[in-house]
Amino acid sequence: MTTWQRRFILLAVINGVLLVTFFVFLLATPPVSDTLPNPTYQEEAGAKFTVETTKHDLNDLINTYINQVLKTNQANFDVTVDEDIVLNGELLAFGVPIPLRVTMDPVVMANGDLVLKMNDLSLGLLDLPRGRILHYINRQVETPDWLYFDSENEQIYLAVTSIEVDSNLRFRVDALDLSTDAIIFTFTVPKSGVDQDATSFDN
């Protein structure tokens with residue numbers, strides 16, 4: 001056996017041990033969910049604008065910002081919006097990249113927030129509990145304060161009505177039906193924000 005063959009076998013054994021250790025750790029860690037917000041809706045006075053978009057435009061928008069939203073040096077992600085929402089990427093475990101694939105169905109809440117329910121979630125080639133995988137992803141990435149991992153219920157909660165946008169703009173999801181390409185948002189410019197802007201302009 002040549003030297004390079006010995007090194008290759010040694011490297012393969014080390015990677016195998018590290019991966020087994022990772023999966024044992026993953027299975028031994030009980031999933032813990034983020035504390036979800038109370039999904040209440042408060043009607044806010046102001047100008048409202050309804051925007052209708054397509055899966056293609058939504059896909060471009062998500063992929064423009066996803067790596068800014070899910071901040072980590074241990075992974076990279078991309079999203080495909082089609083009949084469902086699919087997140088593909090890789091997570092690093094002990095320096096070894098492990099393929100990640102998540103298939104989700106969007107559910108619009110009555111208050112305009114959005115829930116992404118897991119249809120399928122795989123990490124590598126092993127069939128592991130989805131709640132534990134989601135919990136591990138949550139530990140590896142830094143998320144904004146409007147994104148919640150609900151590992152116990154195998155879903156992600158997006159409190160989009162709490163997202164702060166420039167000029168005090170607020171928005172909510174009215175419809176997100178991927179089968180009919182019906183994607184509708186309502187944007188609100190709060191009256192208080194308009195008054196403040198007008199005061200600044202006068203000065």
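I began with pLDDT, which is the predictor's confidence in each residue, from 0 to 100. For the protein chain I found an average pLDDT of 78, with 72% of the residues scoring at least 70.

I noted that this is a predicted model, in which local features need pLDDT of at least 70 and side-chain atom pairs count only at pLDDT 80 or more, while totals for chains, interfaces and linings use all residues. Residues are numbered from 1 along each chain as its sequence is written, and side-chain values use heavy atoms, with hydrogens and water left out.

I then looked up confidence by element (DSSP runs numbered from the N terminus, helices being H or I of at least four residues and strands E of at least two). Confidence is highest in strand S7 (residues 155–158), at a mean of 92, and lowest in helix H4 (residues 191–202), at 49. Over residues 194–203 the pLDDT is below 50, and this stretch has two contacts beyond near neighbours in sequence, a contact being heavy atoms within 4.5 Å. Where pLDDT is low, the predicted coordinates should not be read in detail.

Next I turned to the largest nonpolar core (buried Ala, Val, Leu, Ile, Met, Phe, Trp, Tyr and Cys residues joined through side-chain atoms within 4.5 Å), where buried means under 20% relative accessible area with a 1.4 Å probe, protein chains only. This core has 42 residues, and Leu 87, Leu 100 and Ile 156 have the most contacts inside it. Strand S5 (residues 114–123) supplies the largest share, six residues. Leaving aside neighbours within four places in sequence, I listed the contacts of Leu 100, among them Phe 77, Leu 87, Leu 121, Ile 133 and Ile 137.

How values were computed:
Buried means under 20% relative accessible area, exposed over 50%, partly exposed in between (1.4 Å probe, protein chains only).
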